[in-house]
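This report introduces a protein model to a reader who has not met it before. Please look through the sequence and the structure below before reading on.

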Amino acid sequence: MEALLTKLYEQNELTKEEIVYFLQHLTPELKKRLFRLADETRKKHYYKSVYMRGLIEFSNFCKQDCMYCGLRKSNSNVERYRLDEEDILACAAEGYDLGYRSFVLQSGEDFRFTEELMISIVTSMKHRFPDAAITLSVGERSEDFYRALYNAGTDRYLLRHETASRSLYESLHPGMSYDNRMKCLRNLKDIGYQVGAGFMVGLPGQTHQHLAEDLLFVKEFHPEMIGIGPFIPHSATPLKDAIGGTVEDTLVMIAMARLFVPDALMPATTAMGTLDPTGREKALSAGANVVMPILSPLRVREKYALYENKICTGDEASHCRNCIEMRIVAAGYEIELSRGDNFNFIRTPENEHVL
Ligand code: SAH
């Protein structure tokens, strides 16, 4: 175990067999050291900075039927909503006034938001907030869509791979294709986006082997961002009786992902804060370095329920800003409000010509 931990820390790699062995034999004492080494590794590239992204959840309509997600199309208990361009800009303006220079626009797979409409939204945001980075997270679209939105000024795209195991992926995503998800991720990277992949921990049927495949996938794909969170069962989905992921198991995955991909930006997810009041702080100490406070209007917050009992659904954006800042500082980190690009995307005189 000592040798494996050292190899992971010094060489940023392990084989699949080594990962599985490591997960099976992890003791509480070794876990603490793993977290400390992950924290140290993140500081090499990003110091103590915790990057802020204002999250705008602009539509909960979804044409997909993911088994775990509260927004799946078969869930008729959801009151569906869409924000219009003006609402979205107002949320961003509120965030901008609070100092945020990075916004994430997320939704279900809602094709009412056509390429044309999305271009209009991104163009207006870039015009009004030229020094802010824009991230989209709207699911699987065509390569042409991704290219057009990139050309309109979108900087980043979040599309978790959810699980790198084809069979597990297919059991959780009726009507969707593993190959298409992977193709989307590849297209996004080739186009030039800073890309976010990621997975859930504690999915029904997920084994150490599956988690090893997730870690090896992020190592190989080398996304700029990696979102890892616990699966939280939602009562209006087929997985309502599943057990779900734990904070501890998710922390191990965050720490290992940090060691496999030292320069990634990794969120301390809202799902972690939902399972444990200090879950996000724990994630920061295990290698995460991003937080995504919600900027969506209060009237729609509860309707964007991927899972239940989500935190911060009743809090004003300014309250979230203060609460998060207090937590980050108390955990020993520093709040960073700038665009927060991935280390490899920060412009220098040397790389100006390729970025
Ligand atoms: N439609 C977009 C955004 C999905 S929501 C897309 O396809 O990318 C963002 C993430 O929430 C998902 O990628 C998934 O990993 C996570 N999620 C969904 N349901 C969840 C649940 N019940 N528990 C925890 N995380 C969940």
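The sections below move from the overall form to one strand and then to one loop.

## Overall form

The model described here is predicted. Its secondary structure comprises 14 helices and nine strands. The radius of gyration is 19 Å, close to the 20 Å that the globule rule gives for 355 residues, so the protein is as compact as a globular protein of that length. Measured out along the principal axes, the C-alpha trace spans about 55 × 50 × 40 Å.

Contacts within the chain can be described by their separation in sequence. Among contacts in the protein with a separation of 6 or more, 75% are made by residues 24 or more positions apart.

## Burial, surface and charge

Of the 355 residues, 59% count as buried. The accessible surface amounts to about 14600 Å², and carbon and sulfur atoms contribute 51% of that surface.

The protein carries 42 positive and 50 negative side chains. The centres of these two sets lie 1 Å apart.

## Strand β3 and its partner

Strand β3 covers residues 102–107. Six of its six residues are buried, so the strand is largely enclosed by the rest of the structure. In a regular strand, side chains alternate between the two faces of the sheet. In β3, S102, V104 and Q106 point one way, while F103, L105 and S107 point the other way. The residues of both groups are all buried.

Strand β2, formed by residues 54–59, is joined to β3 by five bridges. The two strands run parallel. Within this pairing, G54 stands opposite F103 of β3.

## The loop between α13 and α14

Most residues other than glycine have a negative phi. The loop between α13 (298–301) and α14 (317–330) contains N309, and C312 is also placed in the loop between these helices.

N309 has a positive phi of about 55° although it is not a glycine. N309 is also exposed, with a relative accessible area of 70%. For C312, phi is near 70°, again a positive value in a residue other than glycine.

## Summary

The predicted model combines 14 helices with nine strands. Strand β3 is largely enclosed by the rest of the structure and pairs in parallel with β2. In the loop between α13 and α14, N309 and C312 each have a positive phi.

Terms used. Residues are numbered from 1 along each chain as its sequence is written. This is a predicted model: local features need pLDDT of at least 70, side-chain atom pairs count only at pLDDT 80 or more; totals for chains, interfaces and linings use all residues. Side-chain values use heavy atoms; hydrogens and water are left out. Helices (H or I, at least four residues) and strands (E, at least two) are DSSP runs, numbered from the N terminus. The radius of gyration is taken over C-alpha atoms; the globule rule is 2.2 Å times the number of residues to the power 0.38. Buried means under 20% relative accessible area, exposed over 50%, partly exposed in between (1.4 Å probe, protein chains only). Contact means heavy atoms within 4.5 Å. Accessible areas come from the Shrake-Rupley method with a 1.4 Å probe; for residues, only the protein chains shown count as cover. Lys and Arg count as positive and Asp and Glu as negative; His and the chain ends are not counted. The place of a charge is taken as NZ of Lys, CZ of Arg, CG of Asp or CD of Glu. Two strands pair if DSSP finds at least two bridges between them.
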